[in-house]
There are 2 protein chains.
Amino acid sequence: MPQTQTSSRDVRYDVLGIGNAIVDMIASADEALLHREGIAKGGMMLIDEARAAHLYGVMGPATITSGGSAANTIVGVASLGGRAAYIGKVKADEVGAHFVHDIRASGVSYATAQASDGPITAACYIFVTPDGERTMNTFLGASQNLSTADIDEALVASAAITYLEGYLWDPPAAKDAFRTAAKIAHAHGREVALTLSDSFCVDRYRAEFLDLIRSGMADIVFANESELKSLYETSDFDSAVVALREDAKLGVVTRGELGSVIVGRDRTVAVPAARIDTLVDTTGAGDLFAAGFLHGYTRGADHETSARLGGLAAAHIIQKIGARPGVSLKELAEQNGLSV
Amino acid sequence: MPQTQTSSRDVRYDVLGIGNAIVDMIASADEALLHREGIAKGGMMLIDEARAAHLYGVMGPATITSGGSAANTIVGVASLGGRAAYIGKVKADEVGAHFVHDIRASGVSYATAQASDGPITAACYIFVTPDGERTMNTFLGASQNLSTADIDEALVASAAITYLEGYLWDPPAAKDAFRTAAKIAHAHGREVALTLSDSFCVDRYRAEFLDLIRSGMADIVFANESELKSLYETSDFDSAVVALREDAKLGVVTRGELGSVIVGRDRTVAVPAARIDTLVDTTGAGDLFAAGFLHGYTRGADHETSARLGGLAAAHIIQKIGARPGVSLKELAEQNGLSV
């Protein structure tokens with residue numbers, strides 16, 4: 001596989017993200033509410049429309065912001081100054097229109113056809129507990145209808161990296177879109193990145209994720225510590241890292257306040273976390289870490305610098321509500337001596 | 001007029017708010033954008049549907065939160081532990097449903113009939129500049145259809161204070177609803193509070209506002225410094241305060257970081273502002289000051305304590321995005337020794 005992260009003449013986008021296009025409904029909640037509703041704290045659960053209506057009914061006043069894991073990452077890349085594009089499906093409803101507004105207003109190229117019928121735009125009901133931890137309940141809605149027809153070959157071919165979220169394994173048609181995009185990317189000498197998304201998601205699709213990594217369909221793997229442990233069914237972080245080094249060309253593992261570990265074939269680098277003042281809401285931490293890392297990587301920065309940029313973007317996002325940056329991450333990077 | 005702020009047996013609500021039911025679309029913006037769009041910084045401009053679509057198109061990624069001046073105040077009263085109710089009209093659309101969800105989830109009693117046709121739920125496009133100042137552009141939409149038919153006599157009669165926003169003077173039918181509510185309140189021995197809302201709003205309706213105050217239709221008047229100066233067409237704050245003392249039974253004047261001045265017939269008290277760490281977004285500052293003051297007042301606290309409670313609530317709201325409290329203001333008040 002050629003290394004395409006150094007800019008090539010026909011690369012129009014640094015990163016193309018493909019994922020479930022979701023709008024976040026974010027509310028404060030106490031632990032008792034999670035307990036009453038039988039919600040496992042810290043993870044992402046899939047819910048149906050009836051459960052969505054129920055949870056919306058019991059949740060407190062909510063802030064609505066655009067979300068979606070890969071979409072958050074792609075907006076982060078754009079905010080850092082990268083050339084970014086996105087594929088993901090909403091319905092042509094009020095909430096879907098807002099998703100479209102936000103991603104375009106963030107400087108991301110986005111042209112996926114909106115569903116005119118079928119379920120509503122996907123919504124994620126996010127409960128933020130006083131410790132800043134977020135617990136997500138996702139109704140996939142219209143995002144489930146993403147299919148191979150939505151994968152624009154010329155777009156994929158023009159992106160240095162195609163970044164795919166593991167959550168795409170949940171809607172059946174999206175899985176085919178995922179594979180199609182990865183094949184197109186490789187056929188054009190581009191790289192493919194995969195995020196494992198969530199430890200429960202890894203639990204659902206462990207064999208398939210391992211196959212994607214071992215077969216080389218995914219060149220770069222993003223995971224947090226619990227996802228990585230889930231992937232290799234171990235409670236020992238170090239042995240999971242050893243296994244990842246065997247399987248993946250490049251692994252990017254985040255460990256919350258412990259920082260990150262970049263697992264290359266030749267070398268593993270541990271990078272400390274960026275300092276924060278107050279943890280407000282962890283929503284988007286992993287997504288924004290990926291944004292920073294990918295931006296550094298596509299600009300040819302070394303792994304440590306890329307990881308520091310990831311850590312800086314993650315530190316910004318967890319000090320505010322929601323998973324979309326509130327400031328220019330490019331300026332933030334410059335202020336922190338991390339221009340790439 | 002009997003003083004009803006001391007609890008009476010048949011008072012079911014401490015404060016009933018009546019206002020334009022609006023959802024806020026809040027985005028960061030630089031001064032250049034305001035200049036390009038010809039928007040006067042710091043105020044509230046009324047816009048039509050076409051202008052709303054244009055501004056939404058040029059605005060950055062936006063957070064959607066429930067808003068509306070009196071609604072923000074009423075949610076603040078509920079968050080402080082007061083018994084609160086609200087009257088205001090949305091359309092039965094997705095955004096309207098969210099307004100309804102939020103105000104009820106905030107513990108406010110709310111039962112105004114939703115419009116099934118006509119314009120969409122009112123939206124306020126708020127540009128927050130790097131200095132934290134907010135500039136508002138409001139499409140009144142469905143809120144314009146609030147009419148006397150929406151004024152539930154039993155509800156008004158059961159509230160110690162009916163709190164009305166000056167913005168209600170903009171939609172013609174709402175003005176009648178305002179007068180009807182004030183008459184019902186007084187007929188049942190309750191008090192009526194009026195907020196002047198915005199200096200441009202005062203400019204539009206100066207004579208009518210003065211008449212409301214001088215005729216005694218409004219017992220308590222809330223204003224910020226620029227609204228008060230606009231009301232009396234003077235640039236001299238002290239002479240405006242003297243004029244207010246002549247006209248109003250009780251005046252509550254906010255001066256931003258200079259604190260507030262409570263203008264009673266017998267005594268004027270100046271109260272310093274609460275300390276803040278970082279100014280994020282001034283949206284809702286006046287609304288939440290009114291919430292704190294009204295809560296103290298209805299609980300029988302003295303003017304200074306009520307003003308301190310107002311300042312505390314305002315300080316909370318300007319350190320976050322949006323005009324709805326992110327924490328329990330009751331707990332915040334307790335932590336600051338301001339339980340009433």
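These are my notebook entries on a predicted model.

**Entry 1: the two copies.** I laid chain A on chain B. The RMSD is 0.0 Å, after a turn of 180° and a shift of 0.0 Å along the axis. The two copies are thus related as by a two-fold rotation axis. I then looked for the residue of chain A that comes closest to that axis. A:Ile64 does, with its C-alpha at 2.4 Å. I also compared the interface residues. Of those in chain A, 100% are also interface residues in chain B, so the copies meet through the same surface.

**Entry 2: the sheet of chain A.** I traced an open sheet of 9 strands with mixed pairing. Its order is β6-β5-β1-β9-β10-β11-β12-β13-β14. The edge strands are β6 (109-110) and β14 (268-271), and each pairs on one side only. I checked β1 (residues 13-18) against β5 (residues 84-87): they run parallel, joined by 4 bridges. A:Leu16 stands opposite A:Ala85 of β5(A).

Helix α6 (residues 172-187) of chain A packs on this sheet. I found it touching β1, β9 and β10, with its direction at about 160° to that of β9(A). Helix α9 (residues 237-247) of chain A lies across β11, β12, β13 and β14, and runs at about 35° to β13(A).

**Entry 3: helix α4 of chain B.** I looked up residues 94-105. This helix has 12 residues and reaches 16 Å from first C-alpha to last, close to the 16 Å expected. Which of its residues are buried? I listed B:Val95, B:Gly96, B:His98, B:Phe99, B:Asp102 and B:Ile103. They cover an arc of only 155° around the axis, which puts them on the same side of α4(B). Just after the helix, B:Gly107 takes a positive phi of about 90°.

Technical notes
Residues are numbered from 1 along each chain as its sequence is written. Chains are lettered from A and ligands numbered from 1 in the order in which they are written. This is a predicted model: local features need pLDDT of at least 70, side-chain atom pairs count only at pLDDT 80 or more; totals for chains, interfaces and linings use all residues. Helices (H or I, at least four residues) and strands (E, at least two) are DSSP runs, numbered from the N terminus. The expected span of a helix is 1.5 Å times one less than its number of residues. A residue is buried if 20 or more other C-beta atoms lie within 10 Å of its own, exposed if 12 or fewer, and partly exposed in between; C-beta atoms are placed from the backbone. The arc is that of the directions from the helix axis to the C-beta atoms. Copies are superposed by least squares on the C-alpha atoms of residues with pLDDT of at least 70 in both. Two residues are in contact if their C-beta atoms, placed from the backbone, lie within 7 Å. Two strands pair if DSSP finds at least two bridges between them. Axes are lines fitted to C-alpha atoms, for helices over the stretch in contact, and angles run from 0 to 180 degrees between N-to-C directions.
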